[in-house]
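Work through these exercises with the structure open beside you. Try each task before you read its solution.

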Amino acid sequence: MNKHIMPKLDRRAFVIGTAAAGAGLAIGLDIPFGGPQVVRAADGSPEVNVWVVIRPDNTTVIRVARSEMGQGTLTGLAQLVAEELECDWSKVVTEYPTPGQSVARKRAWGDFSTGGSRGIRTSQEYVRKGGATARIMLVQAAANEWKVPVTECTAANSVITHTPSGKTTTYGAVVEAAAKLTPPADADVKLKDPKDWKIAGKGVKRLDTVDKTTGAMIYGADVKLPGMLNAAIKDAPVFGSKLKSYDEAKIAGMKGVKKVVKVGDSAVAVVADTWWHAKTALDAMTIVWDEGENAKVSSESIAKWLAEGLDNNQPAFIGNQNGDAKAAIGSAVKKVEAVYNYPYQNHATMEPLNATAVYTADKCEVWCGTQNGEAAFAAAMEASGLPAEKCEVHKLILGGGFGRRGMTDYVRQAVLIAKEMPGTPVKLLWSREEDMAQGKFHPVTQCKLTGAFDADNNLTALHVRLSGQSILYTVRPAALVNGMDPAAFQGLSPSGDAAIGYAVPNLLVEHSMRNPHVPPGFWRGVNVNQNAIYMECFMDELAHSVGQDPVEFRRKLMSKHPKHLAVLNAVAEKIGWGKPAPQGVYRGIAQVMGYGSYVAGAAEISVTEGSKIKVHRIVASTDPGYVVNPAQVERQIAGSFVYGLSALFYGGCTVKDGKMEQTNFDTYNSMRIAEMPKVECVMVPSGGFWGGVGEPTIGVAAPAVLNAYFAATGKRIRSVPLRDQNITFA
Amino acid sequence: MANLTINGKTINVDVDNDTPLLWAIRENVGLTGTKYGCGIAQCGACTVHIDGVAMRSCGVTVSEAVGKQITTIEGLATGGALHKVQQAWIANDVPQCGYCQSGMIMAVAALLKEKPKPTDKDIDEAITNICRCGTFQQVRAAIHEAASA
C-alpha cells in the first residue's frame, strides 16, 4: 500500500475536475509530445513550472504536495519557494496538487508523504529549485521583451528591474512569455545561501490561520457533496478477528437509514441521511464477532511475553555494538541495572478519521485529510478496482495527523462502502470510540539497561536490551533488514538520522522483537519516545549511582558528539543548571537525536504529597540545521511537550480480552492549558544539514520530567503512564 | 421538528428532540465550524454559546436548545468585523491544525464576557478544551491580548 505507484497512462489531454469544497485544485492538463507547452491552472493562469503559477494580478500560487496537519509545512514550503522566486510574499496563496494529477504528470510533485518530520527537509532542495527556476524564466522573459542582456535584470517582490535603464515590469505581465521558455539546465539553477534569506528563516505568519478562526476551514469531516449520505462504522474490536453476523432487520425502520454494508470481512457500516442517524442505528444493531484466539490476549499477557525477551538468552537483533559489553559488565567493579516499559498509545487526532468517496464504474473520487496523498490514491485504486486514470484523491487540511493519517484504512473503508452505492457520495466518519478502538498504536516495549563502572567511577559498559513490538514488521515489512527493524533503535543507532550521543567503551544495543496482535503505527516521535526515556532516565540513574551531576556525567561521554552536546549545554545554561532552583523546585534534563535533528529539554517541577506534579518551566533546545520558520518551530517544540507529557501522565492504552479498553477522552485524557507551562525555546541551528522539527523534541519531554521527579522525591519512575501510579498534575 | 435560533436566524430543523445540538448544527443547519471531537462533552471542540454561556453542544439536546439564542463560530463576528478574540487569534498565529480552535475561541469569548480581564488562574479554570497540537502557549497570550484590546 505504501509503495510508490507509477501506472502507465495514455499520453493524452484530459481534464480532471474537482467538485469539492475546500483545498482542491483543477488543472487543464495538456501534455503533448515534444517541446514546452503552457500548462494552465483552472482559472487559466499559466504555470511557470509545477510549483509556481502566476496570475495576471501578480498573485503567486505556490503548489505544496506535502500535507498540512498543523505543523506549518504548508507555510514553510511556500516560504522556501517564494524565497528563491523573489515574489511578493503578501500575494502568495497555496494550492495542493492532487495525487491523480501527479501520477498523470510522471510524479511531477515528487513524494506526497508527510511523516517522519520529512515535510520540509526532504523536499526543500527541489522546491527551492522550483522557485529559482521560475524566477530565472520570468526574468529571462522580461529581458527578451526589452531586448537587453538578462544579466542586467534583477527581480524582487514580483517586480523585474532593468538596472541600467530603470525600466520595470511585473511577474504577472511577463508570465505568459515566461511559461513558454525552456527551463534552464539544473546546473544553472543556483540556490541562495541561507544567510541571505529574506522570507525563509523568518517567523512569518502562517498562510492558513484566518479560516481556522472563523469556522470556514473545511476539514474532511466537513465535506459536503450534492446528494451525499453519511456512514458510521464498527470494525472488529478484537484485532484480527472477523465479523460473524449482524441484525440488520432490527434497524431497518429507523429514521434516515438507507443501507447496511459489510465492509471487508471484519467491519459493518450503516449508511443514513445524516451521520447522527447512521451512528444511532449502528449502536442499536446487534453485531456478533468471531473473536478467535486473540480474545485471550491482555496487557498482562503481553507484558509477560515482553519480559521474557529481556532475558539475554533469548534471540535478539543487534542494532549498535562496540567493544564487548557483556564481558565488561561481567568483570565490572560496580553494576547498575534497571527495567523500564512504555505502553501502547493512540494518536487521538482531534478530528476523528473520515473520508468521503463517490464511486461509479468509470470514476472513484475520494476527499480526505491524509498524510500521504499517494498512499490514499493507491488505497482508492485498490478498493475500487479502478485504474489510476479513473481515480482521484482530493486532499483537505487535516484536523491532526501525528502519524495516524499516514495510514489508509479509513480511505479503503470509505471506498468499499461507496462502491455499494454507485453514484452516491458517502462520507464515512469514525466515532471517537471507533477511533480509540481501531488505532494504529504506538508499539509496546520494555527495556533492561545495565551499566558498568570501573574503580574510578567511569562508565565502562552499557547494555540496552529492548524487547517488544516492531512497527515495520507489520506496516512496512520490506524495510526490515534480515528480519531486524532498524527503526527500533531510533536515538540509539551508531550513526545517521537518530544516532546515540554517547561514546561508551563497550556498548551493546539489541532488540528482542515480539509482535503482539495489536496493530502498530507511527506515532509522533515513533521509537524515539520510549528509547529516549530508557536512555535518558538511565543516564540519570547512572550519574546518581556514582554521585555525579547528571549533566557533568553526560558531558564526559559526549565529547565525540559535539552537536548533541551543544543542545544539552544550551538547555543547561538557559535553565540555570548548577545554580539553585527556586525553593521547592527541582530540575531534570534529557537529550536525544531524532529525525536528523539534535534536541534537549529540561523541566522545573515541584511535587506535593509525593504524587502531584506541577511543571513550572520547560526549556528546550533544537539544532535542526536550518530553521525555515522559527515561530512555527517554537510551536512544534511546545506542542511536542504537550503531546509527550499527555502520553506520560494520561496516556497508555491497555488490552483486555484482545481489545483496547480506552474508549474516549474520559479514559484517555489529554493535557489542558492549566497543566502546561510556558516552553522557552533555544534554537541553535548550526547549518550544513536539514533536520526535522515536528517529532524529535517529544523524546525529551517525558525523561526531563521523570528525572526532575527523581530529583524532587528520590523515587525513580520506570513505568508509563503515571496515572497507573496515581501520579498526576497538581 | 424544532425551531432553533442560530446566529440570529430562526431555522426549522427536522430532527428528533433528543438529537444532540451539535449534529443539528452541523448536519441539518449546515454550519460545520462547530466540530465533533468526542461526543461526551470532554474535549470542547463543539463549544457554542447558548444564551451567552459557553456550552458543549454535543451534550445539549435540540429540545433543550429551543427558544434559546445559539451562537456558533460563524456568528461570532458582528457587523462585518471579526470578534476581538478572533483578531487576537490571528495576531498571535494561534491555530496549528485548527480543528479544536472554533471551540477554544467560543470558550474564550464567553470567558471574556464574564471576566473582561482574566488572570492566568481564571484562564486555567475556565478554558478546559483539549488541543492535541498543544497551542496552549499561544492561546494564553492571545486571551491576554484580546482582554487588553
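**Exercise 1. A sheet and its helices**

At about what angle to strand 4 of chain A does helix 3 of chain A run, and which strands does helix 3 lie across?

Solution. Keep in mind that this is a predicted model.
- Step 1: Find helix 3, residues 124-146 of chain A. Helix 3 lies across strand 4 and strand 5 (52-54) of chain A.
- Step 2: Read the angle. Helix 3 runs at about 120 degrees to strand 4 of chain A.
- Step 3: Add helix 4, residues 171-179 of chain A. Helix 4 also lies across strand 4 and strand 5, running at about 65 degrees to strand 4 of chain A.

**Exercise 2. Order and edges**

State the strand order of this open sheet in chain A, and find its edges.

Solution.
- Step 1: The open sheet has four strands in the order 4-5-6-7, with mixed pairing.
- Step 2: Strand 4 (47-49) and strand 7 (92-95) of chain A each have a single partner strand, so one side of each has no neighbour in the sheet. These two are the edges.
- Step 3: From one strand to the next, the twist averages 30 degrees.
- Step 4: Look at one pair. Strand 6 (residues 60-63) and strand 7 of chain A are parallel, with four bridges. A:V61 is opposite A:V93 of strand 7.

**Exercise 3. One side of a helix**

Show where the buried residues of helix 14 of chain A lie around its axis.

Solution.
- Step 1: List the buried residues of helix 14 (residues 550-557) of chain A: A:P550, A:V551, A:F553, A:R554 and A:L557.
- Step 2: Their arc around the axis is only 160 degrees, so they are on the same side of helix 14 of chain A.
- Step 3: Find the cover. It includes helix 13 (528-545), helix 15 (562-575) and helix 17 (698-713) of chain A, along with strand 23 (459-468) and strand 25 (586-594).

**Exercise 4. Buried or partly exposed?**

Classify A:F522, A:S117 and A:N457.

Solution. The cut-off for buried is 20 or more other C-beta atoms within 10 Å.
- Step 1: A:F522 is in the loop between strand 24 (506-513) and helix 13 of chain A. A:F522 has 26 other C-beta atoms within 10 Å, so A:F522 is buried. Beyond its neighbours within four places in sequence, A:F522 contacts A:G115, A:G403, A:G406 and A:I471.
- Step 2: A:S117 is in the loop between helix 2 (99-104) and helix 3 of chain A. With 26 C-beta neighbours inside 10 Å, A:S117 is buried.
- Step 3: A:N457 is in the loop between strand 22 (445-453) and strand 23 of chain A. A:N457 has 16 other C-beta atoms within 10 Å, so A:N457 is partly exposed.

**Exercise 5. Backbone exceptions**

Find the backbone features that go against the general rule.

Solution.
- Step 1: Recall the rule. Most residues other than glycine have a negative phi, and most peptide bonds are trans.
- Step 2: A:S117 is not a glycine, yet has a positive phi of about 50 degrees. A:N457 has a positive phi near 65 degrees.
- Step 3: The peptide bond joining A:V720 and A:P721 is cis, with omega about 5 degrees. A:P721 lies in the loop between helix 17 and strand 31 (728-729) of chain A.

**Exercise 6. Where the chains touch**

How many residues does each chain give to the contact?

Solution.
- Step 1: Chain A gives 46 residues and chain B gives 43 residues.
- Step 2: On the side of chain A that touches chain B, helix 16 of chain A gives the most, with seven residues.
- Step 3: By class, that side of chain A has 22 nonpolar, 13 polar and eleven charged residues.

Note on methods
Residues numbered from 1 in each chain as written. Chains lettered and ligands numbered in written order. Predicted model: local features only at pLDDT ≥ 70, side-chain atom pairs only at ≥ 80, totals over all residues. Contact = placed C-beta atoms within 7 Å. Nonpolar A, V, L, I, M, F, W, Y, C, P; charged D, E, K, R; others polar. Buried ≥ 20, exposed ≤ 12 C-beta atoms within 10 Å, placed from the backbone. Arc of directions from axis to C-beta. Pairing = 2+ DSSP bridges. Axes fitted to C-alpha atoms, helices over the stretch in contact; angles between N-to-C directions.
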